[in-house]
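Here are some short exercises to work through with the model open beside you. Try each task first, then read the solution step by step.

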Amino acid sequence: MTTGLRERAAAELARTRERSIGLTDAVDDDDLVRQHSRLMSPLVWDLAHVGNQEELWLVRDVGGREPVRADIDQLYDAFKHARADRPELPLLGPAEARAYVRRVREQVLDLLDTVDLAGRPLVEQGFAFGMIIQHEQQHDETMLATHQLRQGDPVLVAPPPPPSRQPVAGEAFVPGGAFEMGTSLEAWALDNERPAHPVHVPPFFLDRAPVTNAQYQAFVDAGGYADPRWWSVAGWAHRQAAGLTGPGHWHGDGTYTRFGRREPIVPDEPVVHVSWHEASAYAAWAGKRLPTEAEWEKAARHDPATGRSRRFPWGDDDPAPEHANLGQHHLSPAPVGAYPAGASPYGVHQLIGDVWEWTASPFGGYPGFAAFPYREYSEVFFGDEYRVLRGGSFGTDAAACRGTFRNWDYPIRRQIFSGFRCARDPRPEELERR
């Protein structure tokens, strides 16, 4: 690991921890230990959990050092305790959790300067450090989602996102053909993104922008939530059982609540807090469908001029502020057309950031998939139970977002910052004209 890579890891660890501290210091101790929703852990659990994972992988495995707190491992094992049950555990209190993560971080920074990082896949190119940075950033986004579910006065502050800079409407045509999906080169890519492999995708149309609040309101106003024609059997059953009448946090009067502030719905923002079932129903009502994961990635990464797959829609450079709404710099999606510099070669906008986009695809491994460094990161979730989301949201950090990055969740979930865009197959006459 070169000096530059060590410095990068240290800087990313520090930047990530600053975000974690900001999300937990924003509330008092009572709020830290309270469970704001049975779907989420208490914030204090997330804080100690990221420290525990850092200790397990970096202090003990990479560093070969003695445990800092071996006695708490089972408390912070996400597979041993469901979120709903975590408040009943003898968790570290706020002061103790903060002290614990500080002690772990001190050891990590000490070993980062000297540890041998050659000879094992876990440490090549600093992978273990990148994995832990991404893990903490993922929990930071989870904590941000907990803040959205929290009752009480607003505690988070951020400037509004940039305004729309150009009109974006209609569909982009993506010709059929093969492209390279996934990656074998991205140093910190996780196991489910690997390996790179060719995928043939038939021609399709894809919305140039995510579905907006105004567009989704039209579905609601047309009685979409009262008409089973647009819903799958499972989706309709869930809509009825959960009493869904619109996206999460909408009040039905043209307002929604966002991080404790009730305000008018912004028409040209991407709709957020919709489940896969809701997204699929809207798409059916609109005469379209959700894109497959391969379609989404081809639209986001394939460069028809060169035939290669880029890291991001705009190219291979890391995200910059002009490219995408990432990193909790704003507390909402940006209006459609706010990031023209982030568009893909096919003219598709805001594929990265703003809202996680549901795809039609179940979560599974790519051909040649190998679990690394543990099965519980990805492999145990493979199957039809989960649907893939792509692209990240305004709450996703750039360190945990790539053109190849894959998220997944149950089709009923909408506490996450989830939206979507639609796709459709070309009609024969449309292909004849091309």
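**Exercise 1. Is strand β7 enclosed or open to its surroundings, and how many of its residues are buried?**

Step 1. Keep in mind that this is a predicted model. Find strand β7, which covers residues 356-363.

Step 2. Apply the cut-off for burial, which is under 20% relative accessible area. Six of the eight residues in β7 are buried, so the rest of the structure largely encloses this strand.

Step 3. Now look at the strands beside it. β7 and β8 run antiparallel and are joined by four bridges; phenylalanine 363 has glycine 383 in β8 as its bridge partner. β7 and β10, in contrast, run parallel, with two bridges between them, and tryptophan 356 stands opposite serine 418 of β10.

**Exercise 2. Work out the strand order of the sheet that contains β7, and say which strands stand at its edges.**

Step 1. A reminder helps here: strands of a sheet pair through backbone hydrogen bonds, either parallel or antiparallel.

Step 2. Add the remaining pair. Strand β8 (residues 383-390) runs antiparallel to β9, and four bridges join them. Within this pair, arginine 387 is matched with aspartate 409 in β9.

Step 3. Put the pairs together. The order is β9-β8-β7-β10, an open sheet of four strands with mixed pairing. β9 (406-409) and β10 (418-419) each have a single partner strand, so they stand at the edges and one side of each has no neighbour in the sheet.

**Exercise 3. Compare the span of helix α1 with the expected value, then find what covers its buried residues.**

Step 1. Helix α1 takes in residues 3-25, 23 residues in total. At 1.5 Å a residue, 33 Å is expected; the distance from the first C-alpha to the last is 32 Å, close to that value.

Step 2. List the buried positions. Among them are Leu5, Ala9, Leu13 and Leu23, and also charged residues including Arg6, Glu12, Arg17 and Arg19.

Step 3. Look for the cover. The elements over these buried residues include α2 (29-33), α3 (43-62), α4 (94-112) and α5 (127-149).

**Exercise 4. Is glutamate 54 buried or exposed, and which side chain is joined to it by a polar contact?**

Step 1. Glutamate 54 lies in helix α3. Its relative accessibility is 0%, so it counts as buried.

Step 2. Its side chain makes a polar contact of 3.0 Å with the side chain of arginine 17, one of the buried residues of α1.

Step 3. Leaving out residues up to four places away in sequence, glutamate 54 also touches Val59, Val104, Arg105, Val108, Ile132 and Glu136.

**Exercise 5. How many cavities of 30 Å³ or more does a search of the whole structure find, and which element gives the most to the lining of the largest cavity?**

Step 1. The search finds four such cavities, and the largest has a volume of about 70 Å³.

Step 2. Residues lining this largest cavity include Gln53, Trp57, Met131, Ile132, His135, Leu190, Tyr374 and Tyr377.

Step 3. Two or more lining residues come from each of α3 and α5. The biggest share belongs to α5, with five residues.

Technical notes. Residues are numbered from 1 along each chain as its sequence is written. This is a predicted model: local features need pLDDT of at least 70, side-chain atom pairs count only at pLDDT 80 or more; totals for chains, interfaces and linings use all residues. Side-chain values use heavy atoms; hydrogens and water are left out. Two strands pair if DSSP finds at least two bridges between them. The expected span of a helix is 1.5 Å times one less than its number of residues. Buried means under 20% relative accessible area, exposed over 50%, partly exposed in between (1.4 Å probe, protein chains only). Contact means heavy atoms within 4.5 Å. A polar contact is a pair of N or O atoms within 3.5 Å; within protein, one must be able to donate a hydrogen and the other to accept it, and residues adjacent in sequence count only if both atoms are side-chain atoms. On a 1 Å grid over the protein atoms alone, a cavity is a set of points where a 1.4 Å probe fits but cannot get out, and a pocket is an open set with protein on both sides within 12 Å along at least five of seven lines; lining residues have an atom within 4 Å of a point. Grid points are joined across faces, edges and corners, and a volume is the space filled by probe spheres set on the points.
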